[in-house]
Amino acid sequence: MGKRIVVGISGASGVIIGIRTAQALAEGGCEVHVILTDAARRVIDEEMGKGFAFPPEITVHRENDAASALNSTSFLIDAMVLVPCSVKSLAALASGYANNLLIRCADGALRTGKRLVVVPRETPLSLSALENMVSLRRDGAIIMPPCAAYYHQPKTVDDMTDFFVGKILDLLAVENKLYRRWRDE
Ligand SMILES: Cc1cc2nc3c(=O)[nH]c(=O)nc-3n(C[C@H](O)[C@H](O)[C@H](O)COP(=O)(O)O)c2cc1C
């Protein structure tokens with residue numbers, strides 16, 4: 001089995017980025033655990049349609065599952081990505097307010113020095129959101145806003161999404177060919 005990676009999906013727009021990340025990691029041989037907040041479920045209904053379900057090889061955890069293994073850092077993970085990250089979850093994580101499984105697990109990644117990638121999704125940004133990002137960066141998290149690029153000549157929304165997902169996999173050190181790299185023929 002490859003790396004054990006947690007994909008936290010909060011209730012921000014762009015849940016497809018989290019979903020595609022989980023799928024690409026699973027396709028890359030990783031053991032993938034997804035944590036969904038209640039708000040994320042709501043946004044998935046809006047953005048993916050009500051019938052959406054993860055494939056069986058991806059383990060899905062709910063935010064209020066107090067008995068989940070992911071509550072404890074004794075359940076060893078290699079890395080975590082929080083994508084998309086709402087400003088609420090950003091604030092909770094920056095202040096250590098671990099009131100659900102998503103923040104609890106991300107806080108554990110910070111406490112144990114595991115790779116933690118945070119993909120905040122809001123625009124424009126308040127001063128508090130900016131300060132929360134600075135605080136998390138100081139604490140060792142990588143902050144990766146989903147900023148579009150054009151040099152890979154995206155034609156579709158899927159191309160744009162794959163660019164973000166490829167960047168996330170790069171940060172998790174999982175090999176991928178999801179986007180065309182600069183000068184890489
Ligand atoms: C369709 C939809 C889109 C949303 N998009 C965002 C967003 O892009 N960023 C954000 O911070 N909150 C967004 N929200 C609001 C969050 O879902 C809300 O603040 C929620 O409490 C976040 O909780 P969570 O971080 O525990 O998932 C959106 C809500 C809905 C219903």
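Which element gives the largest share of the shell around the ligand? Some notes on that and on the strands, bearing in mind that this is a predicted model.

1. **The ligand shell.** The answer is H2, with five residues. In total, 16 residues surround the ligand, and the closest are Ser10, Gly11, Thr37, Ala39 and Ser86. Helix H2 (38-48) and helix H3 (87-95) are the elements that give two or more residues to this shell.

2. **Chemistry of the shell.** It's a mixed bag: five of the shell residues are nonpolar, six are polar and five are charged.

3. **S2 and its surroundings.** Have a look at strand S2, residues 31-36. Five of its six residues are buried, so S2 is largely enclosed by the rest of the structure.

4. **S2 with S1.** Strand S1 (residues 4-9) runs parallel to S2, and six bridges join the two. Within this pairing, valine 7 sits opposite valine 34 of S2. To get from S1 to S2, the chain passes through helix H1 (residues 15-27), making a right-handed β-α-β crossover.

5. **S2 with S3.** S2 also pairs with strand S3 (residues 59-62), in the parallel sense, over four bridges. Valine 34 turns up again here: its bridge partner in S3 is valine 60. So keep an eye on valine 34 when you go through the model, with valine 7 opposite it in S1 and valine 60 as its partner in S3.

6. **Back to H2.** S2, H2 and S3 make a right-handed β-α-β unit. The helix of that unit, H2, is the one that gives five residues to the ligand shell.

Note on methods:
Residues numbered from 1 in each chain as written. Predicted model: local features only at pLDDT ≥ 70, side-chain atom pairs only at ≥ 80, totals over all residues. Near = placed C-beta within 6 Å. Nonpolar A, V, L, I, M, F, W, Y, C, P; charged D, E, K, R; others polar. Buried ≥ 20, exposed ≤ 12 C-beta atoms within 10 Å, placed from the backbone. Pairing = 2+ DSSP bridges. Right-handed = clockwise from strand over helix to strand, strands pointing away.
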